[in-house]
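Biologist: Could you take me through one loop up close, and then show me how it sits in the rest of the chain? Keep it casual, I'm at the bench.

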Amino acid sequence: MSELITSNNLEQVIEKNNLIKDDILRLTNDFTVRFNKSGVTGQDKLSFSVLKENHLIQIPIDDEYWGGAIITKGNIKIPVINTAQPRVYQYFVAWHEIYHLFYDLSLRDETHNIAVDMDLNERRADYFAAKMIFGNVYDYYYSLDDEDFIDRVIKCMDVYKAPYKAVLIELFEEAVTKYNDLDLKEKILEHFDNK
């Protein structure tokens with residue numbers, strides 16, 4: 001079983017993100033250049049549009065931890081998304097799968113199942129997904145008038161159509177690496193493991 005991201009290993013996740021940041025930003029720029037011509041607006045719609053052009057299968061699977069996979073058949077790579085998952089998770093999984101579909105050199109003739117873990121290749125896919133989904137979530141978070149931390153996070157989830165932990169990881173990274181925002185860092189660590 002994969003190691004889940006918790007408040008105890010969140011700092012290591014950010015360290016790994018820092019190691020792969022330049023490469024992932026290059027890939028997000030490449031993707032934007034290659035698929036900017038599609039005319040699809042919204043990152044959520046774009047991800048599904050691209051996957052549908054690549055034989056996407058959407059199917060409900062009764063497994064709360066299984067979000068999706070890339071199945072290879074001969075020269076065809078088939079993305080699969082678990083529609084039993086909440087929609088915000090499906091959006092994140094869609095971008096995660098796009099990374100594997102176009103940029104994962106290790107994906108050749110075997111099926112790839114995704115899970116949130118600390119493996120560097122999975123971290124690359126998750127980081128790619130986050131960078132495709134989020135704009136400046138840090139500034140948006142602070143533009144909100146709400147006093148309550150969770151209310152602000154929920155509004156970020158809504159605007160960016162992103163899962164709870166993805167929002168917190170992105171905010172944590174900005175707080176730690178860019179702004180030295182110790183107050184936000186502590187709030188995230190305090191709330192990170194909440195369901």
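Modeller: Let's start at His55, which sits in the loop between α2 and β1. Keep in mind that this is a predicted model. The backbone there has a positive phi of about 70°, and His55 is not a glycine. As a rule, most residues other than glycine have a negative phi. His55 is partly exposed, with a relative accessible area of 47%; the cut-off for exposed is over 50%.

Now step back into the helix before that loop. Helix α2 covers residues 43–52, and its buried residues are Asp44, Leu46, Ser47, Phe48, Val50 and Leu51. Those buried residues pack against α1 (10–35), β1 (57–59), β3 (76–82) and α3 (87–103). That puts β1 on both lists: the loop of His55 leads to β1, and the buried side of α2 packs against β1 too.

Since α1 is one of the packing partners of α2, have a look at Leu27, which belongs to helix α1. Leu27 is buried, at a relative accessible area of 6%. Setting aside neighbours within four places in sequence, Leu27 is in contact with Tyr99, Tyr103, Arg124 and Phe128. For a longer reach, try Gly135: it is 108 residues from Leu27 along the chain, and their C-alpha atoms are separated by 16 Å.

There's another backbone spot like the one at His55. Lys161 also has a positive phi, about 50°, and again the residue is not a glycine. You'll find Lys161 in the loop between α6 (149–160) and α7 (164–178). Lys161 counts as partly exposed, at 33% relative accessibility.

Further along comes helix α8, the place of Glu186. Glu186 is partly exposed as well, with 49% relative accessibility. Between the C-alpha atoms of Glu186 and Ala175 there are 9.8 Å, and the two residues are eleven apart along the chain.

So much for the close-ups; here is the whole chain. It has eight helices and four strands, and from the N terminus on they run α-α-β-β-β-α-β-α-α-α-α-α. The radius of gyration is 16 Å, close to the 16 Å that the globule rule gives for 195 residues, so the chain is as compact as a globular protein of that length. Along the principal axes, the C-alpha atoms fill a box of roughly 50 × 40 × 35 Å. Of the 195 residues, 48% count as buried. If you take contacts between residues at least 6 apart in sequence, 64% of them join residues at least 24 apart.

What about the outside? The chain exposes about 10,400 Å², and carbon and sulfur atoms supply 50% of that. On the charge side there are 22 positive and 34 negative side chains, with the centres of the two sets 6 Å apart.

Last, how far to trust it. The mean pLDDT of the chain is 89, and 90% of the residues reach 70 or more. Among the elements, helix α8 (residues 182–191) has the highest mean, 97, while strand β4 (residues 112–113) has the lowest, 52. Where pLDDT is low, the predicted coordinates should not be read in detail.

Definitions and conventions
Residues numbered from 1 in each chain as written. Predicted model: local features only at pLDDT ≥ 70, side-chain atom pairs only at ≥ 80, totals over all residues. Heavy atoms only, no water. Helix = DSSP H or I, 4+ residues; strand = E, 2+ residues; numbered from the N terminus. Rg over C-alpha atoms; globule rule 2.2 N^0.38 Å. Buried < 20%, exposed > 50% of the residue type's maximum accessible area, 1.4 Å probe, protein only. Contact = heavy atoms within 4.5 Å. Areas by Shrake-Rupley, 256 points an atom, 1.4 Å probe, with all protein chains shown as cover. Lys, Arg positive; Asp, Glu negative; His and termini not counted. Charge placed at Lys NZ, Arg CZ, Asp CG, Glu CD. pLDDT = per-residue confidence, 0-100.
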